[in-house]
Amino acid sequence: MQRQEAQIPPYYDNLRHFLHDLAQPLSTVTGLIDLMLLELDERDQMFQKVQLISLQLEKVMAILGEIRRMAREAADRERKTLEPPRTPRS
C-alpha cells in the first residue's frame with residue numbers, strides 16, 4: 001500500500017515544503033526574541049519593542065499554521081476526488 005503523502009498532488013507537497021522552509025527561520029528568530037525578553041528588564045525601553053516583535057512573530061506563525069491547515073484540507077479534498085470509489089465487500 002502506498003503512503004498517503006505519495007498521493008498528494010505535487011503542488012501541495014511543494015507548498016508544504018515552502019511553508020516548512022519559511023517557518024524554520026521564523027521559529028529561530030522567535031526563540032531568540034524570547035531569550036531577549038528573558039534577559040531584558042521590563043522597565044527597559046527596548047523591552048516593549050522586543051515584546052511587540054515577539055507578538056507580531058506569533059501572528060505570522062499563526063497565519064502560517066492556518067495556511068498549512070487550508071492546504072492540508074485542500075489536498076485531502078482533492079485526494080478524495082481522485083480515489084476510485086470503493087466497492088462494498090460481501
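The legends below walk through several close-up views of a predicted model.

**View 1. The whole chain is built from two helices and zero strands.** Helices (H or I, at least four residues) and strands (E, at least two) are DSSP runs, numbered from the N terminus. Residues are numbered from 1 along each chain as its sequence is written, local features need pLDDT of at least 70, side-chain atom pairs count only at pLDDT 80 or more, and totals for chains, interfaces and linings use all residues. Side-chain values use heavy atoms, with hydrogens and water left out. Of the 90 residues in the protein, 20% are buried; buried means under 20% relative accessible area, exposed over 50%, and partly exposed in between (1.4 Å probe, protein chains only). Contact means heavy atoms within 4.5 Å, and among contacts between residues at least 6 apart in sequence, 68% join residues at least 24 apart.

**View 2. Here is how confident the prediction is, by pLDDT, the predictor's confidence in each residue, from 0 to 100.** The protein has a mean pLDDT of 86, and 84% of its residues reach 70 or more. Over residues 1-6 the pLDDT is below 50, and this stretch has four contacts in the model beyond near neighbours in sequence. Where pLDDT is low, the predicted coordinates should not be read in detail.

**View 3. Nine residues form the largest nonpolar core.** Such a core is a set of buried Ala, Val, Leu, Ile, Met, Phe, Trp, Tyr and Cys residues joined through side-chain atoms within 4.5 Å. Its members are L19, A23, L26, I33, L37, F47, V50, L57 and L64. Helix 1 (10-39) and helix 2 (45-82) each supply at least two residues of this core, and helix 1 gives the most, with five.

**View 4. Zoom in on helix 2, from its cap along its length.** At the N-terminal end, D44 caps the helix, with a side-chain oxygen 2.9 Å from the backbone nitrogen of M46. The expected span of a helix is 1.5 Å times one less than its number of residues. For the 38 residues of helix 2 that gives 56 Å, which agrees with the 57 Å between its end C-alpha atoms. Its buried residues, including A71, A74, A75 and R79, pack against helix 1.

**View 5. I33, S54 and T30 show contacts reaching across the sequence.** Neighbours within four places in sequence are left aside for each residue here. I33 touches V50, I53, S54 and L57. S54, in helix 2, counts as buried at 5% relative accessibility, and its contacts are I33, D34 and L37. T30 sits in helix 1, is buried at 15% relative accessibility, and is in contact with L57 and M61.

**View 6. H20 of helix 1 is paired in this view with L64.** With a relative accessible area of 39%, H20 is partly exposed. H20 and L64 are 44 residues apart in sequence, and their C-alpha atoms are 9.0 Å apart in space.

**View 7. Meet the one aromatic pair, Y11 and Y12.** Rings of Phe, Tyr and Trp (its six-membered ring) pair if their centres lie within 6.5 Å; planes under 30 degrees apart count as stacked, over 60 as edge-to-face and the rest as tilted. The ring centres of Y11 and Y12 are 4.7 Å apart and the planes are at 50°, so this pair is tilted. Y11 is partly exposed, at a relative accessible area of 45%, whereas Y12 is buried, at 17% relative accessibility.

Conventions: Polar contact = N/O pair within 3.5 Å; in protein donor to acceptor, adjacent residues only side chain to side chain.
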